Amino acid sequence: MTNISSLLQPRTVLLVTSFADGIHDVATFSFVTPISFKPQLLAFSIGHARYTKELIEKNPECVINVSTKEMLDDALYCGTRTGRNTDKYEKIEWEESSKVKPRRIKKSPVQLECKVKKVIPAGDHNIVLCEVVLEHVKTMDYTPLMHVSGNEFATPTSLKKE
Ligand SMILES: Cc1cc2nc3c(=O)[nH]c(=O)nc-3n(C[C@H](O)[C@H](O)[C@H](O)COP(=O)(O)O)c2cc1C
């Protein structure tokens with residue numbers, strides 16, 4: 001069968017930050033969906049081996065940062081090495097969050113501070129269910145970065161029916 005992620009694309013690219021045991025991490029995710037308006041819930045899917053998963057299980061908090069077209073290199077950088085042996089923040093600019101310990105990514109126009117409600121095993125991944133406790137939405141024009149597959153990315157084209 002065809003890999004399902006290459007059939008359901010393009011997808012929003014997020015940088016998810018985490019923190020536990022004095023260590024800050026940031027990694028790239030595109031298996032993501034909004035779930036509920038009240039409360040504001042969203043979910044992303046995380047592989048078992050990700051260091052982010054380990055940190056989130058120790059401290060159930062994260063910040064979901066939306067990536068822009070200009071953040072393509074950052075998304076590839078954070079999505080191709082693990083925080084287990086790399087301090088990705090040597091290359092990625094950040095700012096303090098208000099309600100959670102994981103950091104916000106400075107270049108990101110939408111930063112959602114979240115509490116993790118559940119981590120649910122699902123096949124070779126896990127569903128991470130998050131509640132947004134504080135949103136930071138910067139008033140700027142930006143082009144969201146979308147993931148197609150592998151090293152292929154896209155930007156959205158707006159279609160409005162009159
Ligand atoms: C564009 C892109 C999208 C990705 N999406 C996901 C995803 O949705 N789920 C996942 O588990 N890993 C995803 N990855 C892989 C992780 O970002 C990668 O394994 C990263 O090294 C994990 O870092 P960590 O070990 O510090 O958590 C993606 C990578 C890229 C480049």
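1. A good place to start is the middle of the fold: strand 5 and strand 10 run antiparallel to each other and pair over seven bridges. One residue pair to pick out on screen is Ser45, which stands opposite Ile127 in strand 10. Please keep in mind as you read on that this is a predicted model.

2. On to the neighbour of strand 5. Strand 4 is joined to strand 5 by four bridges, again antiparallel, and the two make a hairpin with four residues between them. Val32 has Phe44 in strand 5 as its bridge partner.

3. Now the whole sheet. These strands belong to an open, antiparallel sheet of seven strands, ordered 3-2-6-9-10-5-4. Strand 3 and strand 4 (32-36) are at the edges with a single partner strand each, so one side of each has no neighbour in the sheet. On average, neighbouring strands here are turned by 35° against each other, with direction ignored.

4. Further along that order, strand 2 (residues 14-20) pairs with strand 6 (residues 61-66) in the antiparallel sense over four bridges. If you want a residue pair to look at, the bridge partner of Leu15 in strand 6 is Asn65.

5. Which strands does helix 2 lie across? Strand 2, strand 3, strand 5, strand 6, strand 9 (110-122) and strand 10 (125-137) are the ones, and the helix runs at about 50° to strand 2.

6. The ligand may interest you most. It is surrounded by 21 residues, and the closest are Tyr51, Thr52, Gly79, Thr82 and Gly83. Elements giving two or more residues to this shell are strand 3 (23-29), strand 5 (41-47), helix 2 (51-58) and helix 3 (72-78). Strand 3 provides the largest share, four residues; this is also one of the edge strands of the seven-stranded sheet.

7. What is the make-up of the shell around the ligand by class? There are eight nonpolar, 10 polar and three charged residues.

8. Finally, do not overlook the other sheet. Three strands form an open sheet in the order 1-11-12, with antiparallel pairing. Its edge strands are strand 1 (11-12) and strand 12 (152-154), each pairing on one side only. Strand 1 pairs with strand 11 (residues 146-149) over two bridges in the antiparallel sense, and Arg11 stands opposite His147 in strand 11.

Key: Residues are numbered from 1 along each chain as its sequence is written. This is a predicted model: local features need pLDDT of at least 70, side-chain atom pairs count only at pLDDT 80 or more; totals for chains, interfaces and linings use all residues. A residue is near a molecule or strand if its C-beta atom, placed from the backbone, lies within 6 Å of it. Ala, Val, Leu, Ile, Met, Phe, Trp, Tyr, Cys and Pro count as nonpolar, Asp, Glu, Lys and Arg as charged, and the others, Gly among them, as polar. Two strands pair if DSSP finds at least two bridges between them. Axes are lines fitted to C-alpha atoms, for helices over the stretch in contact, and angles run from 0 to 180 degrees between N-to-C directions. Two residues are in contact if their C-beta atoms, placed from the backbone, lie within 7 Å.
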